2 protein chains.
Amino acid sequence: MPVTLQDIATRVGVSPSTVSRALNGQGRMKEDTRKYIKSIAEEMGYVPNFLAQSLHDTKTRMIGVVITSVADPFTSQLIEGIEQVADSADYTLFLGASKFDIEKEIDIILKFYQRRVDGIIVQTSHLQTIADPRIETIDVPIVFINNESISNAHNVTIDSRAEAKKAVDYLFLIGHRKIGFVNPPTKRHSNERRLLGYQDAHEAQGQIVNPTHIFRMPMLSDYETGREALNQILDTDVTAVFCYDDMIALGLMNACRERGIHVPDDLSVVGFDDIAQASQFYPTLTTIHQPALELGRSAMTLIQDEPDEFVNHLLECELIVRDSTKPL
Amino acid sequence: MPVTLQDIATRVGVSPSTVSRALNGQGRMKEDTRKYIKSIAEEMGYVPNFLAQSLHDTKTRMIGVVITSVADPFTSQLIEGIEQVADSADYTLFLGASKFDIEKEIDIILKFYQRRVDGIIVQTSHLQTIADPRIETIDVPIVFINNESISNAHNVTIDSRAEAKKAVDYLFLIGHRKIGFVNPPTKRHSNERRLLGYQDAHEAQGQIVNPTHIFRMPMLSDYETGREALNQILDTDVTAVFCYDDMIALGLMNACRERGIHVPDDLSVVGFDDIAQASQFYPTLTTIHQPALELGRSAMTLIQDEPDEFVNHLLECELIVRDSTKPL
DNA sequence: TATACTTGAGCAAACGATTGTTCAGATTCT
DNA sequence: AGAATCTGAACAATCGTTTGCTCAAGTATA
């Protein structure tokens, strides 16, 4: 068993409170005694029990992070950002993956609450749909990342709709007129928002969206979603496609290569996220750069600062033009 | 502040111990009282304080995971594996990134110990070099993943040397005779082991390694390491290269494409790890599949089982032949 | 020398839960 | 009716720290 204050106290022949004071420098004390106790504590390999400390002062310096999946490259960057700030402020992170399942998400949040974390960060929560009473009573600051407006919590997001419009605007700008949108089946808010942005861009052009240009795919991994989409795309006359995210775009481009369809000569492709692979794949992918690191940092900073009012941080994305798009 | 047993006790008009027993079903008690207390507890949104529980029974059901970096795709799979087992056994994970820095690694381990985790999992530890007294006194089970033999701990590893030999053996098998090895500058144990495997394969062929075929690169990201390596490779007459890991191989292949060097016609490339991108890149990468998920699962299982003796699990890898290699 | 102040360290309560022990009141038996 | 048993719930200790309060001994002051 780990060494306790009591153990040291017995060994030195003083009371536990004296040892405590010696170790963290509070209160009057003979300098010799302090030095001696410190040396014995070190010799015995004393490491304070954080549980006991936390119990006493109700701060745990632990933060719970609920992500969708560790496998997602975008998520990695998010965690990286959270980690950076957490580390410099001496917080420790709990990690839990929701797998896009709302029940799982609630379980994890509750588990974190049981552990009495000082704050919870949730990536793309599915909570907006139900207001679970178990969650509502939680009195720990929660920050949602990329989860459009939930009532009593902080939010750090990007404006999916406006950013999607940016991407499609660009395709219009370089001359494309028939532009597709490839997206997964989930009823995710962000998905709906990006679709709206896609529509906004058409509207701005005075164009009406052709429903057959919206490729809503069945439930697959993102990469496979992109691969599968090609068949449907070939049935239409689109000259460019905007994909819900980079992995879909990468899958699509991969399928193109196999089918001898040249990107960007035969088809322009735009992604969303700007994951690391986007600049490594061939051809390199034109995409909307999502500031994943900043989203993470910003969320963690918010928890540290504990503002009284609920905060809504909107972070700007940037269109990165690479080799997967070409003027028509 | 969260609701406590005391709060419920006051409200109901009983003692905290009665509430405790009512909630977890121990001891004699009037069924009505129990029901009533339970209903009030639920109404008040009671969530037990895990810190207090842990303090009492010295089990925290928390596991510390020390990884090198979240950004590494191999690491993602590892965490995924750990998570799977942890989740089903109701453990919660702490995450800390060492960034390949030994001081940071020790700090994180100590931080976990302070939190009184039930076990610690460390990926590619750098601890083998020093025996830090602070670490030695830690009496919590530690499992090292891919860290060849440290004394008093469990280990779950692959045999880098033998697996590297497998890769190079294959290149010999399909006719290559001049085979390079691209590796990063770190003095990592696994790097040395893979170099040994590369040498073993040559020895088995009765060949002596040509030192100019070993490309030890300066400190760069893995991807850049691969890209940079091409220049050096072109100065030699190698027809195939074995890369320390997949990211290096991918970087290398990317540079090849830019320079008009065709893989595998002009150069065969083999990687190591089998990260997700390996099968998505073009051309798909021949590589040694490292059972990342299994490594993670195995490590976590080991912590659960708490074997009395130190365990050394050696997991087998598999050569996956794809399109980046071609018989000479 | 008696009084006042300072110093050093122990006592005890508190944080929130669990659990062995005690104990009063109700029930059963003779 | 009196003794023995059972039932339901409170009491108190414990886990490891922290911290306000107390208190004895030592030093300085009058």
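# A tour from the DNA to a buried helix

Begin with helix 2 of chain A, which gives the largest share of the surface near DNA strand D, five residues; here a residue is near a strand if its C-beta atom, placed from the backbone, lies within 6 Å of it, while helices (H or I, at least four residues) and strands (E, at least two) are DSSP runs, numbered from the N terminus. This is a predicted model, in which local features need pLDDT of at least 70 and side-chain atom pairs count only at pLDDT 80 or more, whereas totals for chains, interfaces and linings use all residues. Residues are numbered from 1 along each chain as its sequence is written, and chains are lettered from A and ligands numbered from 1 in the order in which they are written.

**The two DNA strands**

Stay at DNA strand D and select A:Ser17, A:Asn49, A:Ala52, B:Ser17 and B:Thr18, which come nearest of the 25 residues around that strand. Helix 2 and helix 4 of chain A, together with helix 2 and helix 4 of chain B, are the elements that give two or more residues to this surface. Sorted by class, the surface near DNA strand D holds nine nonpolar, 13 polar and three charged residues, where Ala, Val, Leu, Ile, Met, Phe, Trp, Tyr, Cys and Pro count as nonpolar, Asp, Glu, Lys and Arg as charged, and the others, Gly among them, as polar.

Turn next to DNA strand C, where A:Thr18, B:Thr4, B:Ser17, B:Asn49 and B:Ala52 come nearest of the 25 residues around the strand. For this surface, helix 2 of chain B gives the most, with five residues.

**Where the chains meet**

Now colour the contact between the chains, which takes 36 residues from chain A and 37 residues from chain B; two residues are in contact if their C-beta atoms, placed from the backbone, lie within 7 Å. On chain A, helix 4, helix 5 (73–88), strand 2 (92–97), helix 6 (102–114) and helix 11 (246–258) each supply at least two residues of the side that touches chain B.

Zoom in on strand 2 of chain A, which is joined by three bridges to strand 2 of chain B, the two running antiparallel; strands pair if DSSP finds at least two bridges between them. Within this pairing, A:Phe94 stands opposite B:Phe94.

A rotation of 180° with 0.0 Å of shift along its axis superposes chain A on chain B, with an RMSD of 0.1 Å, the fit being by least squares on the C-alpha atoms of residues with pLDDT of at least 70 in both copies. That is the relation of a two-fold axis. Of the residues of chain A, A:Phe94 comes closest to this rotation axis, at 2.2 Å (C-alpha).

**Helix 11 and A:Gly226**

Select helix 11 of chain A, where 11 of the 13 residues are buried, so the helix is largely enclosed by the rest of the structure; a residue is buried if 20 or more other C-beta atoms lie within 10 Å of its own, exposed if 12 or fewer, and partly exposed in between, with C-beta atoms placed from the backbone. The buried residues of helix 11 pack against strand 6 (179–183), helix 10 (222–234), strand 8 (240–243), strand 9 (268–273) and strand 10 (286–289) of chain A.

Finish at A:Gly226, whose place is in helix 10 of chain A. With 31 C-beta neighbours inside 10 Å, A:Gly226 counts as buried. Leaving aside neighbours within four places in sequence, the contacts of A:Gly226 include A:Met247, A:Ile248 and A:Leu252.
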